[in-house]
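Dear colleague,

Please find below the structure that I am handing over to you. My notes follow directly after it.

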Amino acid sequence: MSSSRPQGEGILIAVTGPSGSGKTSVCKALRAMFPRLRFSVSLTTRPRRPSEVDGEDYHFVCEAEFRERIRRGDLVEWAENYGKLYGTSREAMEEALRGNDLLLDVDTRGARALKKACPGGIFVFIVPPSIGELERRLRGRGSETEETIRRRFDNALREIREIVWYDYIIVNDELDAAIDRLRAVYLAAACRRERMMEKIKPFFERSGGM
Ligand code: ADP
Ligand code: 5GP
C-alpha cells in the first residue's frame, strides 16, 4: 500500500482457514503485494514441510523451547493442532503493529484470542469451494499420511462451524479471485474513516476546526 496512509497503529488482519482451504497460498500472495504488510511468523513444534523456510513460514522450535516461551508469557496466544503446538509471539506482534500492518494465519482458537487482545482487528475466514475440493487439496499437498489427512479433514469441518463470528468469508475457488478478495478486504480496512482522520485534519483546521 502506498504511504498515503498515516502512520500509527497498524491494521491487524487475521486469516483462518482449515488445512487445505488454500490460506497459505492466498496469504503468501498478499504478502508479496504489500511491503508494509508484515507477516506474523508463528512458532511451531511441527516438522518443516519441504516447501517451507524456517524463519519465514514458521519458526520451527522443539517442544521444550515452546513450553519455555509459554512459561515466560511470550505468546499472545497458542493452541495445539494435531499434537503439535502453534503460537503467536507477543513481542513480534506488538512491534510489527507499531508501524506496519500485520497479517496472521491462525486457527479459530488463535483468532478468538486475538479478537480479545485486538478487538479492532479484521477476521477473515477462507473456505474451499466444496467438501470434495477440500479433500482433494489435502491429498494434493502430498507428504502426509492417510490418518493425518483424515484428521485434518474432520477438523476442517469442525472449524468451519466457527465462521459465524468472522467479519469476512472468502471462498477460494480460483486462487487469483480469492487473492483479489483478500486484497479488497485489506484496502477497505485501510480506508476506514477512523484510520483516515489524522490525514483529513488539515482540511478541518482550514475550515474552523473539527
Ligand atoms: P492451507 O494453508 O489452507 O492448508 P495451501 O495454501 O497449502 O492451504 O493449499 C493446499 C493445496 O491446495 C496446495 O496444493 C495448493 O497449491 C492448492 N490450492 C490452493 N488454492 C487453490 C485453488 N484456488 N485451486 C486449486 N488448488 C488450490
Ligand atoms: P499447518 O500445520 O497446516 O501449517 O497449520 C495447522 C493449523 O495451525 C492451521 O489452522 C493454522 O492456521 C494454525 N496456526 C498456524 N500458526 C498458528 C498460531 O500461531 N496460532 C494458532 N492458534 N494457530 C496457528
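The notes below cover the surroundings of one ligand and then one arginine residue.

Please bear in mind that this is a predicted model.

Ligand 2

Ligand 2 sits in the largest pocket. Around ligand 2 there are 17 residues, of which Ser42, Arg46, Tyr58, Tyr86 and Asp105 come nearest. By class, the shell residues comprise seven charged, six polar and four nonpolar. Two strands, strand 5 (75-81) and strand 6 (84-89), each contribute at least two residues to this shell.

Three side chains place polar atoms at short range from oxygen atoms of ligand 2, as listed here:

- Serine 42: a polar side-chain atom lies 2.6 Å from an oxygen atom of ligand 2.
- Arginine 46: a polar side-chain atom lies 2.6 Å from an oxygen atom of ligand 2.
- Arginine 49: an N or O atom of the side chain is 3.1 Å from an oxygen atom of ligand 2.

Ligand 2 exposes 510 Å² when taken alone, and the protein buries 97% of that area.

Arginine 195

Arginine 195 belongs to helix 8, which spans residues 193-206. With a relative accessible area of 27%, arginine 195 lies between the limits of 20% for buried and 50% for exposed, and is therefore classed as partly exposed. In sequence, arginine 195 and glutamate 9 are 186 residues apart, while their C-alpha atoms are 9.0 Å apart in space. The side chain of arginine 195 reaches the backbone oxygen of glutamate 9 at 3.0 Å.

With kind regards

Note on methods. Residues numbered from 1 in each chain as written. Chains lettered and ligands numbered in written order. Predicted model: local features only at pLDDT ≥ 70, side-chain atom pairs only at ≥ 80, totals over all residues. Heavy atoms only, no water. Near = heavy atom within 4 Å. Polar contact = N/O pair within 3.5 Å; in protein donor to acceptor, adjacent residues only side chain to side chain. Areas by Shrake-Rupley, 256 points an atom, 1.4 Å probe, with all protein chains shown as cover. 1 Å grid on protein atoms, 1.4 Å probe; cavity = no way out; pocket = protein on both sides within 12 Å on 5 of 7 lines; lining within 4 Å. Sits in = over half its atoms within 2 Å of the grid points. Helix = DSSP H or I, 4+ residues; strand = E, 2+ residues; numbered from the N terminus. Nonpolar A, V, L, I, M, F, W, Y, C, P; charged D, E, K, R; others polar. Buried < 20%, exposed > 50% of the residue type's maximum accessible area, 1.4 Å probe, protein only.
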